[in-house]
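This report looks at how the strands of one sheet are arranged and at how a set of charged side chains is connected. The sequence and the structure come before the discussion.

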Amino acid sequence: QVQLVESGGGLVQAGGSLRLSCAASKPTNINYHMGWFRQPPGKEREFVAAISWSVGSTYYANSVKGRFTISRDNAKNTMYLQMNNLKPEDTAVYYCAARRGTIRTTSVDYWGQGTQVTVSS
């Protein structure tokens, strides 16, 4: 069992930046991908970005390409999401996730507890 713990959420003005972190409780299996999802108020959870733990290849939802950057630190078992040029529509609870294989849907092996990101206009 792997526990994922997010941090770094908060309140920011439109155009601002935040960096989210997701710490895994033990070393991540090289076959895993880790990613971020978000759930805006009253909407379904949606994919944001993901990274392969072994080679670091990344993939993003079209809505965040060019603004968000996902990365990982293998030594710290930690994944990051750098969010720049934030918009009010980015307001959501952001969840960390891990899955053996690529992440595209909410069918993952592990979830974090979520962290709130609020972007004011």
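## Strand pairing and charged contacts

Strands β7 and β8 are joined by six bridges and run antiparallel. Within this pairing, the bridge partner of I70 is L81 in β8. The model is a predicted one, and the description below should be read with that in mind.

On its other pairing, strand β8 (residues 78-83) meets β3, again in the antiparallel sense and over six bridges; here L18 has M83 of β8 as its bridge partner. Strand β3 is in turn joined to strand β1 (residues 4-7) by four bridges, the two running antiparallel, and L4 stands opposite A24 of β3 in that pairing. Taken together, four strands form an open sheet in the order β1-β3-β8-β7, with antiparallel pairing. Because β1 and β7 (68-73) each have a single partner strand, they stand at the edges, and one side of each is left without a neighbour in the sheet. From one strand to the next, the twist averages 15°. Strand β3 (residues 18-24) is largely enclosed by the rest of the structure, because five of its seven residues are buried.

The second topic is the charged side chains. Side chains of opposite charge can pair when their charged atoms come close. A search of the whole structure finds three salt bridges, and they are listed here with their N to O distances.

| Salt bridge | N to O distance |
|---|---|
| R38 with E46 | 2.7 Å |
| R38 with D90 | 2.8 Å |
| R67 with D90 | 2.7 Å |

Through these contacts, R38, E46, R67 and D90 are linked in a network of salt bridges. How far apart along the chain are R38 and D90, and in which elements do they lie? The two are 52 residues apart, with R38 in strand β4 (residues 32-39) and D90 in the loop between β8 and β9 (92-100), so that the pair links distant parts of the chain. The pair of D90 and R67 also links distant parts of the chain, R67 being in the loop between β6 (58-60) and β7, 23 residues from D90.

Are these charged residues buried or exposed? With under 20% relative accessible area as the cut-off for buried, D90 counts as buried because its relative accessibility is 0%, R38 does so at 4%, and R67 does so at 9%. E46, by contrast, has 31% relative accessibility and therefore counts as partly exposed.

How values were computed
Residues are numbered from 1 along each chain as its sequence is written. This is a predicted model: local features need pLDDT of at least 70, side-chain atom pairs count only at pLDDT 80 or more; totals for chains, interfaces and linings use all residues. Side-chain values use heavy atoms; hydrogens and water are left out. Buried means under 20% relative accessible area, exposed over 50%, partly exposed in between (1.4 Å probe, protein chains only). Two strands pair if DSSP finds at least two bridges between them. Axes are lines fitted to C-alpha atoms, for helices over the stretch in contact, and angles run from 0 to 180 degrees between N-to-C directions. A salt bridge is a side-chain nitrogen of Lys or Arg within 4 Å of a carboxyl oxygen of Asp or Glu.
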